[in-house]
Amino acid sequence: MKEKKVYGLTALFDTPDRIIDAVKKISSDGYKKFDVHTPYPLHGMDGAMKLKPSKLGYITLVFGLSGALFALLFMFWAMSIDYPMVIGGKPFFALPAFIPITFELTVLLATLSTVIGMLTFFFSFPSNNHPLIGSDYMRSVSADKFGISIEAEDEKFDDIQIRALFSKLGTIQIEEIYYPDTETFPMFQKKFILFLLVIAILTGGTTYFVLNKLLFMQPFNWMMTQDKLIPQERSEFFSDGFGMRVPVDGTVARGFLPYEFKGEVNPASFLSNPILLTKKSILFGQQKFLTFCSPCHGNFGDGDSRLRGQFPNPPTLHSNRVKEMPDGQIFHIINNGQNIMPSYSSQTTVEERWAIVNYIRVLQRAKNATQSDLEEIKKESAANGK
Amino acid sequence: MNIDYTIEAPVVEGRLTLGDIERLVAAPMESKPDKKFYIALSISGTFLLIGAVLLAMSFYKGVGLWGNNQPVGWGFPIVNFVFWVGIGHAGTLISAILFLLRQKWRTGIARFAEAMTIFAVMCAGVFPIIHTGRPWLAGYLMPYPNQHGLWVNFTSPLVWDVFAVSTYFTVSLVFWYIGLIPDFAVMRDRTTAKIRKTIYSIFSLGWRNSHRNWQHYEKAYMLLAGFATPLVLSVHTIVSFDFAVSIVPGWHTTIFPPYFVAGAIFSGFAMVVTVLIFVRKIFDLEKIITLNHLEKMTKVILATGLMVGYAYGMEFFIAWYSGVQVEQFVFINRAFGPYAWAYWIMVSCNVIIPQLFWIKKIRRSIPAMLVIVILVNVGMWFERFVITVTSLHRDFLPSSWGYYTPTIYDIGILLGSFGLFFTLVILFTKALPVVSISEIKAVAEGAQPNHGGAH
Amino acid sequence: MANRVLEYQKKDLPQNMSKLGWALFAIGALAGVAAFYVDNTRAAYNYLIAYMFIMSVGVGSLFLIALEYVAGADWSVPFRRLMEFFAALVPLMFILIIPLLFNLNELFPWMNKKLVEGDAILTGKAPYLNSTFFIIRVFGILLLWTLFFYLFTRNSMNQDSTKDQKFTKRNIIISAIFIPVFAITLTMSSVDWMMSLEPHWFSTIFGVYYFSGTMLAALATLTLAVIFLNEKGYFGKLLIPDHLYSLGALQFVFINFWGYIAFSQYLLIWYADLPEETVWFLHRWSGSWAFVSIFLIIVHFVVPYSILLSQPAKMDAKRLKIASIWILFAHILDLYWLIMPNMNEGKSGGAVFGWIEIAFPVALVGLILVVFNIRARNKNIIPVGDPKIERGLNFRL
């Protein structure tokens with residue numbers, strides 16, 4: 001049999017006062033590699049063991065600050081550089097609104113780093129193969145005893161001397177701890193390979209199923225099947241099975257308000273021109289006039305049709321009768337038609353009709369320009385540098 | 001009863017030795033579950049199943065099965081979310097804030113309350129995600145580089161919620177686990193069964209009660225408590241921001257953050273007391289979770305209940321004082337409108353009934369306490385209902401007023417969340433030590449050296 | 001365990017402390033009177049700042065006493081007597097309020113009948129904001145506070161000689177009643193004296209905001225007194241750092257609390273951007289007030305937070321002293337920020353600072369010292385008869 005290597009000597013004590021005294025003695029005797037094991041932290045033990053204050057706080061501080069900095073910089077970059085977007089009228093870098101997330105990330109990083117730092121860096125966990133674990137000594141200090149262990153690696157380690165010291169301090173039990181035999185784990189055990197295989201098949205299968213099947217099943221397929229009416233499809237909801245329904249009487253389609261004064265003679269008093277005379281609206285009216293009106297009324301409204309007699313020519317728009325018509329009546333005529341002229345309400349929108357009315361007014365003024373109008377034009381051209 | 005103020009009341013009653021404490025706490029884990037356990041588990045499991053089935057149907061058919069509609073788009077899911085997050089506040093409060101305040105009585109209840117926090121946050125987390133209608137797309141809530149080149153809106157309180165609740169869950173879990181490590185070691189050293197020993201060994205990470213470790217451990221615990229305290233406040237604050245940053249009258253009021261936090265502590269403590277009353281009885285922990293502890297908790301409930309009452313009053317007063325008509329209307333509508341029944345349930349359960357705790361006899365009577373804390377839970381659920389629903393159902397446009405009624409699906413899912421919560425609680429009582437063994441040992445009589453010495 | 005109460009011996013407070021107090025008070029009060037002749041409005045506003053500060057320290061101390069009883073704390077028992085001394089500022093407020101009563105018209109726009117009649121919102125508020133009800137409220141609140149002050153101190157003093165535990169029990173009951181009363185009255189006071197300076201504005205959190213400042217001011221004065229008396233050996237043997245740590249930790253908590261409340265109020269108003277609410281912050285952002293606002297964040301949060309963050313700092317008497325003085329300054333600045341921007345409302349913007357702004361705080365510090373000295377004369381510095389005093393002196397974390 002191989003000889004076991006000694007880890008160290010341990011001693012148990014049964015009251016907190018006694019262990020504090022014992023520890024004071026041991027640390028003042030100059031032992032360095034000793035440790036105290038208690039079922040819960042004892043007050044005053046730090047001083048007795050002459051431990052330096054924990055440096056854990058520095059990890060927390062550094063990671064907490066970096067969490068805050070990262071969060072702020074990232075949100076600054078994302079919201080004001082990478083994809084700037086005005087939200088709620090707030091500036092791109094809306095600092096007050098970034099505070100909550102900054103705070104959360106600070107806390108998250110600080111706590112996680114504290115814990116991970118403590119477990120790995122300070123404790124070197126996990127350490128389930130530590131020689132003390134599994135010993136009777138560990139069972140006692142886990143329950144209700146207080147123990148001291150001195151490692152064999154300590155410079156002053158001397159089996160006999162330490163035993164004497166322990167008994168003098170009033171120990172109730174001394175135990176020698178040995179390093180456990182090193183265990184070996186052969187890599188290619190049958191069981192292990194089988195285990196890997198099962199995992200591979202399971203993950204592969206699941207991934208295939210999720211990506212190729214599950215995502216196309218109800219309800220994960222973006223709610224493709226829904227209990228709603230789909231035009232020109234069968235519906236289970238109605239007894240006749242038609243998904244397409246005849247609208248209720250009096251239904252008006254959005255944006256297609258019917259013309260109220262159809263067939264009336266002169267509703268001009270109810271109609272007023274909503275369109276301002278601007279250059280833009282006049283040019284728009286010109287375009288529409290040239291498209292829809294000029295074929296019969298002529299390019300300048302003179303009644304000189306381009307239709308070469310296919311239709312009778314309409315009268316000129318520069319007659320006094322037309323000039324004196326209110327805007328509403330011209331609008332009404334475009335809507336309703338007059339004599340041989342048909343309604344243009346299906347070809348033009350309301351806005352376009354009013355624009356045409358405006359343009360007709362422009363034509364009328366141009367045909368009957370006064371001296372002052374001419375001077376005005378001259379002035380304007382001079383101002384434009386022509 | 002006369003109290004001698006010169007002596008500190010013992011935390012653990014009956015002069016238990018360290019060994020007794022350990023045996024008492026470890027007992028539920030070392031015995032086979034009995035019939036009562038299975039009955040309790042099957043009841044809570046049934047509720048869980050009901051919830052799960054109704055939830056599955058909601059996804060299959062679509063969330064139109066719920067009562068949520070215009071104008072009340074935030075119905076039960078948000079009410080339940082806020083309710084459960086609130087419940088989840090007591091644990092961290094007890095474990096962190098009372099730890100920082102050096103309240104030794106917290107040791108008996110901290111572990112259990114922390115576990116309840118974690119379970120409650122799990123219940124809470126379900127609701128906003130299902131409220132989206134497509135929970136499998138919840139990943140979009142995380143900011144990750146994607147093909148659209150888009151980021152989540154970091155200025156949105158709903159995104160703050162995602163960060164706050166997930167941070168809170170993570171930190172609570174870590175905090176809880178850190179507290180459990182020494183207890184896992186205790187269980188490892190107690191048990192002889194091989195599988196259990198392996199499991200405990202893995203989770204104990206090789207903890208060996210070394211004081212060189214305890215020193216850092218205590219520091220870490222303190223740091224975590226220091227971070228958990230503002231964190232717990234921030235979580236419900238951010239939940240309150242969900243409402244308060246809007247301009248909806250009844251939601252937009254500056255007292256919401258502290259008011260929500262007080263309400264959360266209030267409801268959380270009520271829930272902890274509710275569950276602890278049963279746990280201490282069933283598991284024979286009356287000497288560790290003593291009547292004194294429960295009495296202290298009722299005092300906290302009374303105090304936070306008063307804070308909540310203060311907030312109700314302040315809201316009403318400022319609504320009148322502000323001179324803003326819609327604001328005034330909302331509060332009159334709350335108290336006398338179609339949802340007046342909910343409002344008065346809330347006021348009587350949250351403000352009026354807890355006043356009974358002024359009487360010492362009621363504070364020390366378990367049945368009376370149980371009734372009151374359950375009513376407080378009901379009241380706090382209705383508080384969230386009142387805030388969410390009454391503010392929405394009649395806002396600026398009288399033409400879009402409406403009345404919200406939950407459907408059977410809403411109610412079933414709420415019951416399901418209770419099922420989830422209690423199933424987890426019941427499993428926890430058998431799987432892990434419900435009281436922190438090492439902490440309670442440390443505050444037992446004679447556990448600390450007498451002559452102390454300098455720090 | 002050594003009996004530490006026996007080590008305590010009654011000592012008179014040092015003479016120069018009283019002299020310093022009187023000197024400061026005299027200088028400040030003279031300058032203050034002069035200020036009322038030079039610029040009545042500005043002096044009235046400054047006087048209001050000083051008055052609110054006195055309220056913070058006085059009622060805040062009263063609340064800390066109640067909190068100690070209700071929470072069953074033992075670490076703060078040796079300091080309770082000091083809080084009782086500071087709470088004596090409360091009855092004094094009956095006298096201090098007089099100059100304000102003569103200047104209500106200068107301070108509050110809602111006192112202007114014409115303005116109120118022409119303004120539908122102010123007319124709506126008139127049932128609350130009118131001079132009669134205002135005065136009833138103010139004096140009612142002062143009476144209540146004085147009553148509680150009287151009850152607390154009487155029981156506590158009686159206990160010194162009798163050592164009877166029933167006084168502790170009585171004070172616990174009084175404290176439990178006082179705390180809700182305090183919450184309501186302090187909120188009312190903050191609304192009356194500060195929120196109604198800008199009568200259109202409203203914020204539900206305002207009472208809590210002022211409460212956080214109150215706690216800081218009361219704690220900082222207490223800490224200063226504790227450290228000073230401890231250094232001179234008034235507590236018998238020296239207090240261990242654990243006591244200081246508790247004080248420092250509480251200060252740290254309330255600094256965070258103030259930051260939390262201030263941020264909540266700002267964020268919600270900033271985010272919703274409703275004109276009836278933002279107006280208050282806009283006044284505090286116009287002209288040089290913007291610098292005061294930013295300065296306030298630094299003075300009231302960033303600096304004290306950094307000073308008190310580390311654990312050793314909370315135990316170190318010297319750093320704690322700096323922090324306490326700093327916090328008192330911060331509280332004055334906070335009140336200045338809350339009150340002064342309303343002085344020139346609608347007229348020229350910008351912060352004003354001059355000798356008037358210094359005179360009143362000087363008088364204030366003097367007054368607190370004087371009151372403390374008068375109250376402490378021939379009395380025990382620690383409540384020797386309290387059943388928890390032994391535990392309090394031997395307190396360990």
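Two residues are taken to be in contact if their C-beta atoms, placed from the backbone, lie within 7 Å. By this criterion, among the contacts in chain C that join residues at least 6 apart in sequence, 83% link residues at least 24 apart. The structure described here is a predicted model.

The fold of chain C was examined in further detail. Chain C contains 19 helices and zero strands. Its radius of gyration is 21 Å, close to the 21 Å that the globule rule gives for 397 residues, so chain C is as compact as a globular protein of that length. The C-alpha trace of chain C spans about 70 × 40 × 40 Å along its principal axes. Of the 397 residues of chain C, 46% count as buried.

Chain C is also in contact with chain B, through 32 residues of chain C and 27 residues of chain B. On the side of chain C that touches chain B, two or more residues are given by each of helix H9 (120-125), helix H11 (166-193), helix H12 (206-231), helix H13 (241-272) and helix H19 (389-393) of chain C. H13(C) provides the largest share of this side, with nine residues. In terms of residue class, the side of chain C that touches chain B comprises 16 nonpolar, ten polar and six charged residues.

A second contact joins chain A to chain B, and here 65 residues come from chain A and 59 residues from chain B. At least two residues of the side of chain A that touches chain B are supplied by each of the following elements of chain A: helix H1 (16-28), strand S2 (34-37), helix H2 (45-49), helix H3 (56-82), helix H4 (95-122) and helix H5 (136-143). The largest share of this side, 16 residues, belongs to H4(A). The side of chain A that touches chain B is made up of 41 nonpolar, 16 polar and eight charged residues.

Within chain A, one residue was considered individually. Ala383(A) is located in helix H12 of chain A, which covers residues 371-383. A residue counts as exposed if 12 or fewer other C-beta atoms lie within 10 Å of its own. Ala383(A) has 8 other C-beta atoms within 10 Å and is therefore exposed. Between Ala383(A) and Phe63(A) there is a separation of 320 residues in sequence, and the C-alpha to C-alpha distance between Ala383(A) and Phe63(A) is 68 Å.

Key
Residues numbered from 1 in each chain as written. Chains lettered and ligands numbered in written order. Predicted model: local features only at pLDDT ≥ 70, side-chain atom pairs only at ≥ 80, totals over all residues. Helix = DSSP H or I, 4+ residues; strand = E, 2+ residues; numbered from the N terminus. Nonpolar A, V, L, I, M, F, W, Y, C, P; charged D, E, K, R; others polar. Rg over C-alpha atoms; globule rule 2.2 N^0.38 Å. Buried ≥ 20, exposed ≤ 12 C-beta atoms within 10 Å, placed from the backbone.
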